[in-house]
Amino acid sequence: MNKYALSRIATIAVAGALMAGCAAPQNPDPRDPWEGFNRGVYKFNDTVDRAVFKPVAQAYTFVTPQPVRSCVHNIFSNIGDLWSGTNSFLQGRGHDFVNTLGRFLFNTTMGVGGCFDVASANGARKIPNDFGTTLGVWGFSQGPYLVLPIFGSSTVRDGAGLIGDFAGTTYGYMGIDSIDNVRLRNSLWGLRVVDTRASLLSATDTIDRVALDPYSFIRDAYLQRRNAMVLGHRVNEEDALPNYEDDEGDAPAAAKGAPAPQPAAK
């Protein structure tokens, strides 16, 4: 099968998924005015993920020992701290910039090139950051929720931020793109994609198990997390999942002084 035939099949698949999801919802979320379109893209992404990315990630976790997977993940994460620190600097968050730079230097030296996350073990938590968050700190509105093909959840602002992320990580520091050997560079990019998907296996399994509507679950979790990042709140993996308990179940937590959820950024 030639490239032209493959491209036609992919185009038909995307078009079919979009048509399947283009029906307008009866009660649209004001943050998600393009929900019909987004659900179509979500369905396409989910189909591709279950057919390609998830099986590859599961095979990777099955054949690769945990210490090796941790080392690979930590090295990619350590490289990413450079761009996270740069965005903290652009946002005027000097404390986060110094902490992230310190994490990078500590893990690069004492952690053997980042293979071991000794910074986290010593209490220096990772501070996730990107150019979409920087745009939010600068005052740009997040715009409507948007599901991108392959990339997944985003907003208009975060989609534009991906351009800055690509430029910053490609030209801003010595990373994978600086490797001249094309085969090695492409292999590392592939490994990074597989590592990223493997790190999300438990989260996606949880969503499949507990969410009645995975699309809404992921959307709410994404918007909640992005809002927290723009506001400068600490964000971790547990914060990425919204609480879908009923009002009665939430009452005891409120009585104990639990903080009210932050409104979504506009």
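**A disulfide, a bent helix and a nonpolar surface patch**

With a disulfide taken as a pair of cysteine sulfur atoms within 2.5 Å, the count comes to one disulfide in this structure, which is a predicted model. The bond is formed by Cys71 and Cys115, whose sulfur atoms are 2.1 Å apart. Because Cys71 lies in helix 3 and Cys115 in the loop between helix 4 (94–109) and helix 5 (118–121), the pair ties together parts that are 44 residues apart in sequence. The torsion about the S-S bond of Cys71 and Cys115 is about -135°, and the disulfide is therefore left-handed. As buried means under 20% relative accessible area, Cys71 is assigned as buried with a value of 17%, and Cys115 is likewise buried with a value of 14%.

Helix 3, which contributes Cys71 to this bond, comprises the 25 residues 66–90 and should span 36 Å at 1.5 Å a residue; the C-alpha atoms at its ends are 36 Å apart, in agreement with that expectation. A bend of about 25° is nevertheless found in helix 3 at Asp81. The helix is followed by Gly92, which has a positive phi, near 75°.

On the surface, a nonpolar patch is formed by Phe89, Leu90, Trp138 and Phe140, which together have about 450 Å² of accessible area. Of these residues, Phe140 is found in the loop between helix 6 (131–137) and strand 1 (145–148). Since residues between the 20% and 50% limits are classed as partly exposed, Phe140, with a relative accessible area of 49%, is partly exposed.

Notes: Residues are numbered from 1 along each chain as its sequence is written. This is a predicted model: local features need pLDDT of at least 70, side-chain atom pairs count only at pLDDT 80 or more; totals for chains, interfaces and linings use all residues. Side-chain values use heavy atoms; hydrogens and water are left out. Patches are made of residues with over 30% relative accessible area and no salt bridge: like charges are joined within 9 Å, nonpolar side chains (Val, Leu, Ile, Met, Phe, Trp, Tyr) within 5 Å. Accessible areas come from the Shrake-Rupley method with a 1.4 Å probe; for residues, only the protein chains shown count as cover. A salt bridge is a side-chain nitrogen of Lys or Arg within 4 Å of a carboxyl oxygen of Asp or Glu. Helices (H or I, at least four residues) and strands (E, at least two) are DSSP runs, numbered from the N terminus. Buried means under 20% relative accessible area, exposed over 50%, partly exposed in between (1.4 Å probe, protein chains only). The expected span of a helix is 1.5 Å times one less than its number of residues. The bend at a residue is the angle between axes fitted to the seven residues ending there and the seven starting there.
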